[in-house]
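Visitor: Please choose one part of this model and examine it closely, together with whatever surrounds it. I should like the geometric criteria stated as you proceed.

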Amino acid sequence: MSDRPYLFYELTNSLCATCLRKVEAKVVIEGDRVYLHKWCPEHRFQKVLISTDVEYFKLSRQTLKAGQMPRKFNTPIKYGCPYDCGLCPDHEQHSCLTLIEITDGCNLACPICYSESSPARVSSHRSLEQIEFMLDRCVENEGEPDVVQISGGEPTIHPQFWQILDAAKRRPIKHLMLNTNGIRIASDRDFARRLKDYMPGFEVYLQYDSSRPSRLRELRGEDLTDVRRRAIEHLNEHNVSTTLVVTLKKGLNDDEIGEILDFALKQRCVRGVTFQPIQHAGRADDFDPATDRLTLSEVRQQILKQHSLFKPRDIVPVPCHPDCLAMAYALKLDDCVTPLTGMIDPQLLLHGEGSTIMYEQNRPLRELLFKIFSTGASPSSSATSLRQLLCCLPQVAVPGHVTYNNIFRVIIMQFLDPHNFDVRSVKKSCVHIIHPDGRIIPFDTYNLFYRDGKEKQLDTLRGGDRLTSLSINGERTIHA
Ligand code: SF4
Ligand code: SF4
């Protein structure tokens with residue numbers, strides 16, 4: 001008898017990457033790597049790498065926190081996950097971060113774009129009335145939404161852009177973000193000045209993938225180096241809180257992670273960097289999933305390899321959605337940058353069994369940590385929670401003046417696509433998009449099934465025109 005060449009760790013449901021049918025998936029560990037083994041009756045066996053770090057993978061499985069419910073759910077459970085979005089009552093996490101797409105038009109036509117935006121779609125600007133309706137649905141679900149991101153397409157090309165920001169500001173949203181490619185900010189100095197008026201509780205989420213012209217051309221279709229430089233210059237001038245957002249493609253720009261962190265740390269306005277491996281959805285020209293996909297663990301390993309700031313204990317799974325989100329904090333104090341775990345006992349941040357007990361013994365501390373390591377935490381709320389946390393820890397000399405200017409946060413945000421899709425995990429997704437009809441849908445499933453006309457394919461996937469039966473020899477057959 002011979003052993004299997006892997007350890008069968010757990011079972012979940014995924015999607016066939018070809019037909020998007022829901023299929024069973026084994027999670028298996030092979031050496032240092034974790035894979036999904038999927039089987040589609042039509043498209044056969046599929047093996048997908050989901051982690052390159054077994055220890056971290058297990059840590060993220062242990063990072064458990066009871067999900068938080070939205071005030072209301074929006075759709076019934078009818079066909080089963082992921083065909084009932086949403087949010088349906090089976091979803092396990094409220095919206096920590098909600099995107100509202102105010103247009104599908106854009107002043108770029110990036111070869112990789114999950115929303116398939118381009119200048120050809122500028123007529124798709126949503127009306128102010130519809131945007132107000134969508135904002136209201138978000139407030140209805142969340143009460144006081146943690147983070148709302150004004151997104152697109154490119155939101156700054158919307159003719160009623162300022163009115164939309166005002167409409168968002170009128171609502172009880174704790175933190176507002178502008179998701180932008182930076183062209184408008186770079187070309188108009190006054191634009192950045194005007195954005196400053198929306199602070200505090202406002203932040204720019206700025207596309208910043210590379211400083212190499214050829215790489216930018218491959219990712220964005222244009223050399224945007226000068227746009228990036230001028231946008232940062234204008235945001236620095238007015239100290240407008242900014243997070244750099246780096247879309248990562250394996251073998252293209254994943255060797256720039258350390259360089260980008262260095263650059264970010266030197267910018268007055270930058271409060272952190274978010275690294276996002278490409279989600280294989282929407283327009284994905286020349287994207288080969290076999291070679292170009294990156295897992296969260298690979299990005300984490302590259303951060304540790306390419307920059308000396310963080311140690312492995314610093315970059316931890318985010319309890320809201322630990323499979324897909326990792327986070328690290330540092331404090332920038334008097335020209336000195338210190339990782340958060342340099343200031344507190346790392347056991348408090350690691351979610352192993354031992355520390356879970358410590359959390360139980362010290363509930364306020366646990367609550368504070370969950371608050372800080374949450375997708376819904378903004379630089380200003382993190383600064384407040386960090387101040388409180390540091391005060392709770394007698395061994396720490398508390399820097400009395402911690403504000404969001406002192407926060408530097410690194411996030412790895414991975415989205416599920418047809419390859420790594422995991423029904424267990426998607427139920428915890430806390431980054432959601434407001435559908436124009438008012439539904440609130442996880443980012444992952446929105447881009448696969450619910451964007452534009454894609455929902456039509458759900459008729460088939462939901463089983464409406466299919467009959468599943470078992471043949472006499474037990475083989476599963478599907479009759480279309
Ligand atoms: S992803 Fe969430 S909202 Fe969508 S069907 Fe699954 S549980 Fe429901
Ligand atoms: S990725 Fe962003 S900047 Fe590029 S086309 Fe899409 S919306 Fe525009």
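Guide: What follows looks at strand E5 and works outward from there.

The model is predicted: local features are reported only at pLDDT of at least 70 and side-chain atom pairs only at pLDDT 80 or more, whereas totals for chains, interfaces and linings use all residues. Residues are numbered from 1 along each chain as its sequence is written, while chains are lettered from A and ligands numbered from 1 in the order in which they are written.

The setting comes first. The chain contains 17 helices and 20 strands; these are DSSP runs numbered from the N terminus, with helices (H or I) of at least four residues and strands (E) of at least two. Of its 480 residues, 45% count as buried. Here a residue is buried if 20 or more other C-beta atoms lie within 10 Å of its own, exposed if 12 or fewer do, and partly exposed in between, with C-beta atoms placed from the backbone. Two residues are in contact if their C-beta atoms, likewise placed from the backbone, lie within 7 Å. Among contacts between residues at least 6 apart in sequence, 68% join residues at least 24 apart.

Strand E5 spans residues 97-101, and 5 of its 5 residues are buried. Leu97, Leu99 and Glu101 point one way, Thr98 and Ile100 point the other way, and all are buried. Such a pattern has a general background: in a regular strand the side chains alternate between the two faces of the sheet.

Strands are counted as paired if DSSP finds at least two bridges between them. E5 has a parallel pairing with E7 (residues 147-151) over 5 bridges, in which Leu99 is bridged to Gln149. It also has a parallel pairing with E17, over 3 bridges, and there Thr98 has His432 as its bridge partner.

Ile100 links the strand to the interior. A nonpolar core is defined as a set of buried Ala, Val, Leu, Ile, Met, Phe, Trp, Tyr and Cys residues joined through C-beta atoms within 7 Å. The largest such core has 109 residues, and Ile100, Ile150 and Leu244 touch the most other members. Strand E14 (residues 325-333) supplies the largest share of this core, with 6 residues. Apart from neighbours within four places in sequence, the contacts of Ile100 are Ile131, Met134, Leu135, Cys138, Val148, Ile150, Ser151 and Ile434.

Another element that E5 helps to cover is helix H16 (residues 443-450). In this helix 8 of 8 residues are buried, including Phe443, Tyr446 and Phe449 as well as Asp444 and Asn447. The cover over its buried residues includes E5, helix H15 (423-426), strand E17 (431-434), strand E18 (440-442) and helix H17 (458-461). Just after H16, Asp452 has a positive phi of about 50°.

The loop between helix H1 (54-62) and E5 holds Pro82. The Cys81 to Pro82 peptide bond is cis, with omega near 10°. Cys81 also belongs to the surroundings of ligand 1: among 13 residues there, Cys81, Cys85, Gly86, Cys88 and His91 come nearest. A residue counts as near a molecule if its C-beta atom, placed from the backbone, lies within 6 Å of it. That shell comprises 7 nonpolar, 3 polar and 3 charged residues, where Ala, Val, Leu, Ile, Met, Phe, Trp, Tyr, Cys and Pro count as nonpolar, Asp, Glu, Lys and Arg as charged, and the others, Gly among them, as polar.

Beyond the partner strand there is a second cis bond. Gly153 lies in the loop between E7 and helix H3 (161-170), and the peptide bond joining Gly152 and Gly153 is cis, with omega about 20°. Both glycines are found around ligand 2, whose surroundings also include Cys106, Cys110, Cys113, Ser115 and Glu154. This shell divides into 5 nonpolar, 6 polar and 1 charged residue.

One further backbone feature concerns Glu116, in the loop between strand E6 (112-113) and helix H2. Although not a glycine, Glu116 has a positive phi near 50°. With 19 other C-beta atoms within 10 Å, Glu116 is classed as partly exposed. In contrast to Glu116, Ile100 is buried.
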